Amino acid sequence: DEVNYWNDYRTAGKDDEKERAGAFASILAPVAADLENLQAKSFSQLSGIVDQLQEVLDDLWKADVDTAYPQIRMKHFFQVTAGALGRAVATKLSKLQVWTSQLSQVRTHIREGVKICHKW
């Protein structure tokens with residue numbers, strides 16, 4: 001977990017980098033709990049989380065610290081988050097009874113899942 005990484009780095013890292021690690025951990029803190037169990041979230045909650053994630057990641061990239069957020073870590077965080085969101089959407093959609101549920105219900109759920117993926 002990215003937040004735990006920066007919290008650990010803040011306590012165990014070099015003195016000159018503790019402030020930077022603390023800044024990154026503080027920026028990530030608002031989304032830490034939301035990222036814990038994405039599969040339990042509704043589509044509307046996932047959509048809100050994506051909005052908040054985009055703001056947090058932008059703030060993280062623009063953080064006013066001596067050394068910017070490492071690009072390789074940012075890329076990895078994007079990949080991990082994309083995978084987690086994709087699995088959350090897939091889990092929600094896998095619970096649908098595609099062949100026995102009403103078409104309008106199936107269509108609505110699929111559209112909501114696609115919206116989240118496109119938004120990310």
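Which residues line the largest pocket? In this predicted model, the lining of the largest pocket consists of Asp1, Glu2, Leu35, Glu36, Leu38, Arg73, His76, Phe77, Val80, Thr81 and Ala84. Two elements, helix H2 (15-36) and helix H4 (71-94), each give two or more residues to this lining. The largest share, 6 residues, is supplied by H4. The volume of the largest pocket is about 220 Å³. Divided by class, its lining holds 5 nonpolar, 2 polar and 4 charged residues.

Several of these lining residues can be described individually. Phe77 belongs to helix H4. The relative accessible area of Phe77 is 7%, a value under 20%, and Phe77 is therefore classed as buried. Between the C-alpha atoms of Phe77 and Asp1 the distance is 9.1 Å, although 76 residues separate the two along the chain. Both Phe77 and Asp1 are among the residues that line the largest pocket. Glu2, also part of that lining, is located in helix H1. With a relative accessibility of 7%, Glu2 falls under the 20% limit and so counts as buried.

Arg73 is a further lining residue of the largest pocket, and its side chain takes part in two contacts of interest. The side chains of Arg73 and Glu2 are joined by a polar contact of 2.7 Å. In addition, the charged end of Arg73 is placed over the ring of Tyr5, at 3.7 Å from the ring centre. Arg73 thereby links the description of the pocket to that of the aromatic residues, since Tyr5 is a member of an aromatic cluster that also contains Trp6, Tyr9, Phe24 and Tyr69.

The aromatic pairs in the model number 7. One of them is formed by Trp6 and Tyr9, whose rings are 5.7 Å apart, centre to centre, with 65 degrees between the planes, an edge-to-face arrangement. Trp6 and Tyr9 are both located in helix H1 (residues 2-12), at a spacing of 3 residues, which is about one turn of the helix. The two residues have separate accessibility classes: Trp6, at 2% relative accessibility, is buried, whereas Tyr9, at 24%, is partly exposed. The assignment for Tyr9 follows because 24% is not under the 20% limit for burial and not over the 50% limit for exposure.

Trp6 also pairs with Tyr69. The ring centres of Trp6 and Tyr69 are 5.6 Å apart and the planes meet at 50 degrees, so this pair is classed as tilted. Because Trp6 is part of helix H1 and Tyr69 is part of the loop between helix H3 (43-61) and H4, the pair ties together parts that lie 63 residues apart in sequence. Trp6 and Tyr69 are both buried.

The second largest pocket encloses about 190 Å³ of space. Its lining is made up of Asp16, Glu17, Glu19, Arg20, Asp64, Val65, Asp66 and Thr67. By class, this lining comprises 6 charged residues, 1 polar residue and 1 nonpolar residue. For the largest pocket, the corresponding division is 4 charged, 2 polar and 5 nonpolar residues.

Definitions and conventions
Residues are numbered from 1 along each chain as its sequence is written. This is a predicted model: local features need pLDDT of at least 70, side-chain atom pairs count only at pLDDT 80 or more; totals for chains, interfaces and linings use all residues. Side-chain values use heavy atoms; hydrogens and water are left out. On a 1 Å grid over the protein atoms alone, a cavity is a set of points where a 1.4 Å probe fits but cannot get out, and a pocket is an open set with protein on both sides within 12 Å along at least five of seven lines; lining residues have an atom within 4 Å of a point. Grid points are joined across faces, edges and corners, and a volume is the space filled by probe spheres set on the points. Helices (H or I, at least four residues) and strands (E, at least two) are DSSP runs, numbered from the N terminus. Ala, Val, Leu, Ile, Met, Phe, Trp, Tyr, Cys and Pro count as nonpolar, Asp, Glu, Lys and Arg as charged, and the others, Gly among them, as polar. Rings of Phe, Tyr and Trp (its six-membered ring) pair if their centres lie within 6.5 Å; planes under 30 degrees apart count as stacked, over 60 as edge-to-face and the rest as tilted. Buried means under 20% relative accessible area, exposed over 50%, partly exposed in between (1.4 Å probe, protein chains only). A charge sits over a ring if NZ of Lys or CZ of Arg is within 6 Å of the ring centre and within 35 degrees of the ring normal. A polar contact is a pair of N or O atoms within 3.5 Å; within protein, one must be able to donate a hydrogen and the other to accept it, and residues adjacent in sequence count only if both atoms are side-chain atoms.
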